[in-house]
Amino acid sequence: MPFARLATATTPTCHIGLGLAAVGRPGYINLGREEDLGENRSADALRTRTHELLDAAHAQGVRYFDVARSYGRSEEFLADWLNARPDIDDVVVGSKWGYTYTAGWSAEAEQHEVKDHSLAAYERQRAETDGLLGDRLDLYQIHSVTPDSPALTDKDLHARLAEAAAEGLTIGFSTSGPAQADAVRAALAITVDGEPLFRTVQSTYNMLEKSAGPALAEAHDAGLTVIVKEGMANGRLAEPHAAEALKAVAEETGLGCDAVALAWILRQPWVGVVLSGAATVPQLVSNLHAPAVDLDVDQLTRLATLAEEPRAYWDRRGQLPWH
């Protein structure tokens, strides 16, 4: 289990990972990307930006890096960084399959990614990932499982994933949508030859969308490492978009809304890793202040008022434009 490497880490940031969804492609739904990335979104510009973020993250104790086949060229950018730094052997690398990037390096594309959880898609994308990350890949996740995903019932796929696990690759899944809890519980029930198939789960969880929490706690109790994504709600919990209650608490702590939002997640005893989706080094540095935030009962009570009904949250997320 590669996340055992994090158990020996002593830095306060060892439970924060860096996800490259926002910098592996020119278009994404995070708020504020126009200011973050500027006009130059060439592959070379984003490769340089990604490497700067990875350098800064590793220097400050971050040890988990998260990419996906559908995050543009994120796997390639990460592979280039790893190949240029062969002395770095203490990181955990996770990627995902199940979506294909289709935007052709354009932020204005009508369709940015296509979902396919078939065995054929796994075989194709696994070969593509192996060609870039090779034996540096520690964790391979099914991307955005929902309760109706064929990945939950395809026995042939399960057998192939179990073969990969037997060869040393950790197998996980991520979830999205208002029924995340149902997807998590369905995945927990999957076994191959009597053994649980999945060792990690990655789900959206933040102050606005907390519905997956009980299921993620169950996953943790079952021995899975829980990775939290979209802790900033695609920028909705960062300045200047954050609600007044969050801004007030942030001012009281002397740190940013982003640090408070991530600190709130880190308080959950079942969280293994929470992802930063920073697009700039200053954003990353601000995110990494999260372990220093100490929230009291009154502050937690005020922040609890921010929660939204899951379907309303996901409807709003689905309306966010690709910047």
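At what angle do the axes of helix α7 and helix α8 cross? The legends below begin with that view, and every view shows a predicted model.

**View 1. Helices α7 and α8 cross at roughly 20°.** Here you can follow α7 through residues 180–188 and α8 through residues 213–221, with axes that come within 8 Å. Angles under 35 degrees count as roughly parallel, and α7 and α8 are therefore roughly parallel to each other. Their crossing is left-handed. On the α7 side, look for Ala181, Val184, Arg185 and Leu188; on the α8 side, the contact is made by Pro214, Ala215, Leu216, Glu218 and Ala219. Sorted by class, this contact of α7 with α8 holds seven nonpolar and two charged residues, and no polar ones.

**View 2. Helices α4 and α5 pack at an angle of about 25°.** This close-up takes in residues 74–84 of α4 and residues 119–133 of α5, whose axes are 8 Å apart. With that angle, α4 and α5 are therefore roughly parallel to each other. From α4 come Glu75, Glu76, Leu78, Ala79 and Leu82, and they meet Thr129, Leu132 and Leu133 of α5. The classes in the contact of α4 with α5 are five nonpolar residues, one polar and two charged.

**View 3. The second largest pocket has a volume of about 270 Å³.** To find your way to its centre, start from Ala162, Ala165, Leu169, Leu197 and Arg199, the closest to that point of the 16 residues that line the pocket. Three elements, α6 (155–166), β7 (170–175) and β9 (195–196), each give two or more residues to the lining. By class, the lining of this second largest pocket divides into nine nonpolar, five charged and two polar residues.

**View 4. A cis peptide bond joins Glu239 and Pro240.** Zoom in on the backbone here, where omega is about -5° for the bond between Glu239 and Pro240. To place the proline, trace the chain from β11 (225–229) towards α9 (244–253): Pro240 sits in the loop between these two elements.

**View 5. Asp193 has a positive phi.** The value is about 55°, although Asp193 is not a glycine. You will meet Asp193 in the loop that lies between β8 (191–192) and β9. The strand β9 also appears in View 3, as one of the elements that give two or more residues to the lining of the second largest pocket.

Conventions. Residues numbered from 1 in each chain as written. Predicted model: local features only at pLDDT ≥ 70, side-chain atom pairs only at ≥ 80, totals over all residues. Heavy atoms only, no water. Axes fitted to C-alpha atoms, helices over the stretch in contact; angles between N-to-C directions. Helix = DSSP H or I, 4+ residues; strand = E, 2+ residues; numbered from the N terminus. Parallel < 35°, antiparallel > 145°, perpendicular 65-115°, else oblique. Left-handed = near helix turned anticlockwise from the far one by under 90°. Contact = heavy atoms within 4.5 Å. Nonpolar A, V, L, I, M, F, W, Y, C, P; charged D, E, K, R; others polar. 1 Å grid on protein atoms, 1.4 Å probe; cavity = no way out; pocket = protein on both sides within 12 Å on 5 of 7 lines; lining within 4 Å. Points joined across faces, edges and corners; volume = space filled by probe spheres on them.
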